[in-house]
Amino acid sequence: MQHRSDVEAADALKQAYQQIRAEIGKVIIGQDEVVKFVLISIFSNGHCLLVGVPGLAKTLLVQTVAQVLDLDFKRIQFTPDLMPSDIIGSEILGEDRNFKFIPGPVFSNIILADEINRTPPKTQAALLEAMQEKSVTAAGVTHKLGKPFFVLATQNPIEQEGTYPLPEAQLDRFMFNVALNYPSFKEELQVVKNTTSTNTQTVNKQLNADQIIYFQQLVRNIPIADNVLEYAVKLVSKTRPDSEFAIPQVKRLLNWGAGPRASQFLVLGAKCHAVLHGKYSPDIEDVQAVAKPILSHRIVRSYHAEAEGLSANDIIEQLF
């Protein structure tokens, strides 16, 4: 897949994005923001954490995205008794008396880590290397994962009993933390209408793995102005209470700020957001458009913030 210029390729990505949105819209009613952030994370080569109560079509959304993008898809149901080898695979003794590696479900393009906080930290950590290095190590041997590779994890925010909250190091590996809300009355009417009849929607494939890898490279090639780059890095610095850029209310409302990975994701996310909306270089509005789902899971609120009922997103808004 070759284009004469990056401008032509950017136009092609914008068009592909609109077609993908239309196809997903056949199955997923509403949730426009969620679909947008999932696709931005894919084109930015990141991972996405979807947080929402049961029944909001989180699993269906991930399956539909995999179908439309024509990618291999595996679903891993995280449970308290899941072992790391159930994810990455294990060594077995073959008939020739030699050990051979049997790959686990992580060897796929899209991994749905369903209810990721239901499994102990030892098993959660099995995904850490895969998400960061795009490889897994078993019995001292490193095995490379195929490209593209994304982890789309789901989490239920209301069940806290019998769950193991993700450690900060693992949360930091997710580009986006996206909250799913209840559908509007009209959307829910449409959902019930579609799912309680014999009508089944079929989605058409729009891209393949090679095209996605090509577009991921394109997103990195998008130029960014120095002032926008500085704005993104300064925005992340403002979340750190001891930073020179920290404003007084941040020092009071936050105990901990975001790390450098947030700055990288802000820039990549802004580049991708710009292209998908017909621009050839991101501006400050593009950085702000992706800031909340990138920063919300990387900051730790203080007692004052919780006492005043301020959410992470409320605090991030004060930084713009």
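Helices (H or I, at least four residues) and strands (E, at least two) are DSSP runs, numbered from the N terminus. This is a predicted model, in which local features need pLDDT of at least 70 and side-chain atom pairs count only at pLDDT 80 or more, while totals for chains, interfaces and linings use all residues. Residues are numbered from 1 along each chain as its sequence is written, and side-chain values use heavy atoms, with hydrogens and water left out.

**Exercise 1.** Describe the secondary structure and the overall compactness of the protein chain.

Solution. Begin with the secondary structure, which comes to 15 helices and 11 strands. Next, take the radius of gyration over C-alpha atoms and compare it with the globule rule, 2.2 Å times the number of residues to the power 0.38. The radius of gyration is 20 Å, close to the 20 Å that the rule gives for 320 residues, so the chain is as compact as a globular protein of that length. Finally, the C-alpha atoms fill a box of roughly 65 × 45 × 45 Å along the principal axes.

**Exercise 2.** Find what share of the residues of the protein chain count as buried, and which residues have the most contacts inside the largest nonpolar core.

Solution. Buried means under 20% relative accessible area, exposed over 50%, and partly exposed in between (1.4 Å probe, protein chains only); of the 320 residues, 48% count as buried. A nonpolar core is a set of buried Ala, Val, Leu, Ile, Met, Phe, Trp, Tyr and Cys residues joined through side-chain atoms within 4.5 Å. The largest such core has 73 residues, and those with the most contacts inside it are Ile-24, Val-38, Leu-50, Leu-61, Phe-176 and Leu-266. Helix H12 (residues 260–276) gives the largest share of this core, 9 residues. Apart from it lies another core, of 23 residues, among them Leu-82 and Val-106.

**Exercise 3.** Place Ser-281 in the chain, and state whether Ser-281 is buried, partly exposed or exposed.

Solution. Ser-281 is found in the loop between H12 and helix H13 (284–295), and at 30% relative accessibility it counts as partly exposed. Contact means heavy atoms within 4.5 Å; not counting residues up to four places away in sequence, Ser-281 touches Ile-222, Pro-223, Ile-224, Ala-225, Ala-274 and Asp-286. Ser-281 and Glu-91, by comparison, are 190 residues apart in sequence and 48 Å apart in space, C-alpha to C-alpha.
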